[in-house]
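I opened this one with a cup of tea and a short list of things to look up. Here are my notes, in the order I made them.

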Amino acid sequence: MNLLDVSFLGETFLALCRGIPLTLQLTAISITSGALLATLLAALRLSGNRPLDALARGYIFVFRGTPLLVQLYIIYYGLSQFPELRRSFAWPFLREPYWCASLALCLNTAAYSAEIIRGGVISVPLGQIEAAKAYGMGQLTLLRRIIAPQAIRLMLPAYSNELILVVKSTALASTITMMEVTGIAAKLISVSYRPVEIFICAGAIYLLLNFSITRLLRLVERRLSRDQRPLVLATGEQA
Amino acid sequence: MVIGAWNGPGRRVGAYFDLMGFADSGWGFDMLRATAVTLAVALAGFGLGSLFGMLAAAASLSPVSSLRHLADGYTTVLRGVPDLLVIYLFYFGGSTVVTDIGRLFGAEGFVSAPVFLTGAMAIGVVSGAYQSEVFRGAVLALSRGEIEAAKAYGMGPFLRFRRIILPQATRFAIPGLGNVWQLVLKESALISVVGLVELMRQAQIGAGSTRKPFTFFLTAGVLYLLISLASGAAFRAAEARAMCGIRRAS
Amino acid sequence: MTVAPCIAAVEIARLEKCYGPLKVLHDISLKAQPGEVISILGASGSGKSTLLRCVNMLEVPNAGTVSIFGEAYKLEQSPDQPARVTDRRQLQRLRAQATMVFQSFNLWSHLTVLENLIEAPVHVQNRNRKACIAEAEALLERVGIADKRNAYPAHLSGGQQQRAAIARALAMHPKIMLFDEPTSALDPELVAEVLKVMRDLAAEGRTMLVVTHEMGFARNVSSRVVFLHKGYIEEDGTPAEVFSNPRSERFRQFISKYAH
């Protein structure tokens, strides 16, 4: 097993790179749709309405307590058990692995993201919310002008973790025939029987993706936290 | 167990229990046996992970910078790469090794490595990365004052570790370990992809045989939820026992 | 010749407030005329902050009424349910007339000082943004922190933050100002600058209700002093009356404890 077979490593790397667009697409679709669903779930949980809260909690419990693979297989394989679904308008979508994977990832990340969003909202300092109320701000204005800006900043670290997890989860799409990075890697391994080198290349790609995402989000977090960092005066001393 | 001969939901429920029941034609025993395999591989993987995690945590806290970098690399890489890739690595990598050894002894063709072993090792290596962070955090959370007191009373490093650091760090680590356990449980489902007959694979077999994928995967899901619930309760009980006598900001 | 009765700025009638089984305010009645500066004193747990917070319904009383310039808050006060405000529009309107300055300043940390000042005028009172900015600049000048207009609250000292909070309250053109222990969270050196601003406001003739521990302010600046003990009003009169001839023994003890 010659790990320094640079030409093989190079070929493998290029072949795997062809899977990156699909990985990124699945990530993007599931994170954005998942965030929307998560906001709804967080709203239900924060609504103060017991049955709605229980509904959201139930959803979160089920989707966090079962493996993503189960959720994926139920959607991709399981739904075909129902003739009513096969005849419905949604079938052309539900038949495609691309949409099944996106749906499963979306539903899954929504459950984790909902708790992150909720955590962000309840971390907004109570005093500032009280001041806004005391100044006559209505619920919607309060949410839009005071709670949302601060909650978003507070939830960014946890959300960037979740984003990394979604990128890794896209690998499961390979189990339902999708040729994203892991899918291509599996095929290459079964053909060449050189799992270590292929693992190194595929792993490097994922690490690079994660690194870029973390850096990007850290930049966003820095921009949103201008108000928190200590002021550095023109002379270089801190205010 | 036959539940009536009504139409509609009653009949559906009855049919379900016929399918999953414990009669000869039922899949109940197979699913339960597969659940036991899931638990076994998860426990094995978690145990291995604890070993790797403790070693890596120790390395990450060591004054030797190369050890620290090594530990850092381990946790970063294994937490950044999909679990499925690691499973493929151990399974196919292990199989390659076993095939080569087999060829030395004259065996022909491809010999696959034992799935349970490679699966447990893959889980062990990945969960070790997460457990390392938990142990590291637990040790760092220790009050410096208590360690200083131990030093001042003449306790040597091993004694300090055994009597002061280990018991307390274990207490702090329990919640984090509970989380990692839940991750390990879900990860065990991925080993079905390389053929281990744990719960997921068994559900697939049943689904293929009876053409009822939804029923089988739903059952698998419920079983995972039950294990998850029971585990959660167990960890909370362990936490409560470990924390008794400690004041905590509630 | 009869003088036409003046509508009280704030009228509190028979107020009661409970937290579960604990009764915090008993049958409190108080009237604040326009232009009065009322200091509300009391030990911690006496209910003074709760009383103040009932004026803008941050706490809703379980019994009794609160009126701002003759308009009473519409409340639902049933015995088995938590008391609540029923008319949200009225609540927002009345709150905009009686702005509050908090013990922990509560400036909005994601907005600059200037943005803090114009936030409510623009988004609650729907006033013209440019006009609000101009006015905010003038107010900052007045409380002495004009150079901090683009700074974020985290970059200001406690005294500066509280002065900014007072300016923020003034930007709403309030008819009444409520102060909830405005100097209690400040280092002693910074208390004076805030008290100075409050003295100037009083001198202008503003209606102010101030919960405070600052005896000097209560004695020299306010037109009336109210002393609460365990939810009852034990003293209510001008500083001269109350400080020289206290009727309540507890108030005597209170003064001696806080007199420097």
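**Notebook: one helix, then the chains**

I began on the outer side of a helix: the face of H3(A) turned away from its buried side carries the exposed residues Pro51(A), Ala54(A) and Gly58(A). For the record, I call a residue buried if 20 or more other C-beta atoms lie within 10 Å of its own, exposed if 12 or fewer, and partly exposed in between, with C-beta atoms placed from the backbone. Helices (H or I, at least four residues) and strands (E, at least two) are DSSP runs, numbered from the N terminus.

A note on the source: this is a predicted model, where local features need pLDDT of at least 70, side-chain atom pairs count only at pLDDT 80 or more, and totals for chains, interfaces and linings use all residues. Residues are numbered from 1 along each chain as its sequence is written, while chains are lettered from A and ligands numbered from 1 in the order in which they are written.

**H3(A), the buried side**

Which residues of H3(A) are buried? I found Ala56(A), Ile60(A) and Gly65(A). They cover an arc of only 145 degrees around the axis (taken from the directions from the helix axis to the C-beta atoms), so they sit on the same side of H3(A). The general rule is handy here: an α-helix has 3.6 residues a turn, so residues three or four places apart point the same way.

What do these buried residues pack against? In chain A I noted helix H2 (20-46) and helix H7 (97-122), and in chain B helix H9 (213-243). A contact here means that the C-beta atoms of two residues, placed from the backbone, lie within 7 Å.

I also checked the length of H3(A), residues 50-65: at 1.5 Å a residue, its 16 residues should span 22 Å, and its end C-alpha atoms are 22 Å apart, which agrees. The expected span is 1.5 Å times one less than the number of residues.

**Chain A as a whole**

Chain A has eleven helices and zero strands. Its radius of gyration is 22 Å, well over the 18 Å that the globule rule gives for 239 residues, so chain A is more spread out than a compact globule. That radius is taken over C-alpha atoms, and the rule is 2.2 Å times the number of residues to the power 0.38. The C-alpha trace of chain A spans about 70 × 65 × 25 Å along its principal axes, and buried residues make up 40% of the chain.

**Where the chains touch**

Two pairs of chains touch, and chains A and B share the most contacts. That contact takes 27 residues from chain B and 32 residues from chain A. On the chain B side, H9(B) gives the most, with nine residues. By class I logged 20 nonpolar, five polar and two charged residues there. Ala, Val, Leu, Ile, Met, Phe, Trp, Tyr, Cys and Pro count as nonpolar, Asp, Glu, Lys and Arg as charged, and the others, Gly among them, as polar.

The contact between chains A and C takes 19 residues from chain A and 21 residues from chain C. H8(A) gives the most to the chain A side, with six residues. No contact joins chain B and chain C, whose closest C-alpha atoms lie 21 Å apart.

**Chain C, for contrast**

Chain C comes to nine helices and twelve strands. With 260 residues, a compact globule would have a radius of gyration near 18 Å, and chain C has 19 Å, which agrees.
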